[in-house]
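These are my notebook entries from a session spent looking through one protein model. I wrote down what I looked up and what I found, entry by entry.

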Amino acid sequence: MNGLQVSRRAVLGGVLGGAAGLALGGTATAAEPGRGRPPRVLVATNEPWGTYHVKPLLAEVARRGWQLTQLVPDYTQITPGDPVRVATPADAPEADLLVVTGAGDWPADCAARFRRLPLAASALAYQKPVEAPRARELRPRIRLLTASSPAEGRAFAQYLGTRRPVRAVGSPQTDGLPARRPEPGLVLVLTSVTHPDATGDAAPGTELLLAGAEKLAAAGKRILVGLHPREDRRLWDRYEISDVPSVTASARAEAAIGIPGTVFPLVAAVGTPLVGCTDPELTVPDYLLAVCSATVDDAGAAVAAVDAAHLPDAAVLADAVGPVGGSAARLLDAWLRCARQGARRP
């Protein structure tokens, strides 16, 4: 989802525009990244404070001893104890590579700020397959394009307005898929974001999903809610809310129903069939709908759709999920090659 314009106008003008005396970063040092010292990577996401996109990489980052820092406009939206290292552009450490996860205002402004760094674009969450307004600013500098799967790669290329190949590396969230042990009558409800905030937009469909959950509960289903990190918890507190990530929670469910999002192919990879709740104002890539056994736009259809839910065929699943196992390592390997190539250039 794209970051809100208000964030850029209210925050970036002071953070970026007043930093003329700061180092621009990205000059190669005598020790090439990955040879003699750990690589140093900055990441800027479309959701400026959305550290949840980076968290699945932390175990592999720590194993390799890398320095990974997410750029944020300020520290106001960072939860104390968040394991993701963050910094503002004003106090960002020296780096070998800048990774953007989209072409929203925050990543585009960070790319302009750190213009000497080699640039990689990696899809860590789905993007709409429509060229982003600021994609043209990034395209000439992008040296590497990655996505979790072939299907996500096609959508990401359209979003960036490019025909260049996108490397499918898999999703780090599939590196440790849980064993599926469905509990009779348990349905996982996958939420999105009901209200936009400074970090990003919302996805329509919550009213339909709430009504569908009520129908399922009335039919005797047990409801387990997998909350989007930015969702309003109070909307769902009448049900059991999962205290583990949705991908992990999906192993317990007979089926899942929700607003199609990045997690959908990952839940299908666990082996849990999905039903999508669609809204006329909701736009998502086709591959997120393709992993659903059905989509509903009427809460009254939820029970029958969940009862009949099944997995997509193997070809659809492989196209949407991408390679499973070792995905974080593949992504970091790709970033390392990109950083090294940047260090060799004058």
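**Entry 1: an aromatic pair in a helix**

Is Tyr-159 buried or exposed? The model I am reading is a predicted one, and in it I find Tyr-159 at 3% relative accessibility, so I enter this residue as buried. I then looked up Phe-156, which counts as buried because its relative accessibility is 1%, against a limit of under 20% for that word. Both Phe-156 and Tyr-159 belong to helix α5, which spans residues 150-160, and they are three residues apart, about one turn of the helix. I reminded myself that an α-helix has 3.6 residues a turn, so residues three or four places apart point the same way.

I next counted aromatic pairs and found two in the structure. In one of them, the ring centres of Phe-156 and Tyr-159 are 6.1 Å apart and the planes make 10 degrees, so I call this pair stacked, since planes under 30 degrees apart count as such. Trp-236 and Tyr-239 also form an aromatic pair, and here I noted 6.4 Å from centre to centre and 40 degrees between the planes, which is a tilted arrangement. Trp-236 and Tyr-239 are both buried.

**Entry 2: the seven-stranded sheet**

I turned to the overall make-up and noted twelve helices and 13 strands. One open sheet has seven strands in the order β3-β2-β1-β4-β5-β6-β7, and their pairing is parallel. Its edge strands, each pairing on one side only, are β3 (86-87) and β7 (167-168).

I followed β5 in more detail. On one side, β4 (residues 97-100) pairs with β5 in the parallel sense over three bridges, and Val-99 has Ala-120 of β5 as its bridge partner. Strand β6 (residues 142-147) also runs parallel to β5 and is joined to it by four bridges, with Leu-145 in β6 as the bridge partner of Ala-121. Helix α5, where I began, packs on this sheet and touches β5, β6 and β7, and its direction makes about 140 degrees with that of β6.

I also checked which way the side chains of β5 (residues 119-122) point: Leu-119 and Ala-121 go one way, Ala-120 and Ser-122 go the other way, and all are buried.

**Entry 3: helix α3**

How many residues of helix α3 are buried? I found eight of the nine residues in α3 (residues 105-113) to be buried, so I describe the helix as largely enclosed by the rest of the structure. The buried residues of α3 include Asp-105, Asp-109 and Arg-113 as well as Trp-106 and Cys-110. I looked again at Arg-113 and found that it lies over the face of Phe-114, at 5.0 Å from the ring centre.

**Entry 4: the six-stranded sheet**

Another open sheet has six strands, ordered β10-β9-β8-β11-β12-β13, with parallel pairing. Strands β10 (240-241) and β13 (292-296) are its edges, each pairing on one side only. I traced the link between β8 (residues 186-190) and β11 (residues 255-258), which run parallel and are joined by four bridges, and I noted that Val-187 stands opposite Ala-255 in β11.

Two helices drew my attention here. Helix α6 (residues 206-218) lies across β8, β9, β11, β12 and β13, at about 175 degrees to β8, whereas helix α8 (residues 263-270) lies across β8, β11, β12 and β13, at about 160 degrees to β12.

**Entry 5: the nonpolar cores**

Which residues touch the most other members of the largest nonpolar core? Among its 47 residues, I found these to be Val-189, Leu-216, Trp-236, Ile-257 and Leu-274. Leaving out residues up to four places away in sequence, the contacts of Val-189 include Leu-209, Ala-213, Leu-224, Trp-236 and Ile-257. A second, separate core has 26 residues, among them Val-43, Ile-78, Val-99 and Ala-334.

I followed one of these contacts back to Ala-213, which is placed in helix α6 and is buried, with a relative accessible area of 1%. Ala-213 and Val-189 are 24 residues apart along the chain, yet their C-alpha atoms are separated by 7.3 Å. With residues up to four places away left out, Ala-213 touches Ile-223, Trp-236 and Tyr-239 as well as Val-189.

I closed with two totals for the protein. Buried residues make up 55% of its 346 residues, and of the contacts between residues at least 6 apart in sequence, 70% join residues at least 24 apart.

Definitions and conventions: Residues numbered from 1 in each chain as written. Predicted model: local features only at pLDDT ≥ 70, side-chain atom pairs only at ≥ 80, totals over all residues. Heavy atoms only, no water. Core = buried A, V, L, I, M, F, W, Y, C linked by side-chain atoms within 4.5 Å. Buried < 20%, exposed > 50% of the residue type's maximum accessible area, 1.4 Å probe, protein only. Contact = heavy atoms within 4.5 Å. Pairing = 2+ DSSP bridges. Axes fitted to C-alpha atoms, helices over the stretch in contact; angles between N-to-C directions. Phe/Tyr/Trp six-rings, centres within 6.5 Å; stacked < 30°, edge-to-face > 60°. Lys NZ or Arg CZ within 6 Å of the ring centre and 35° of its normal.
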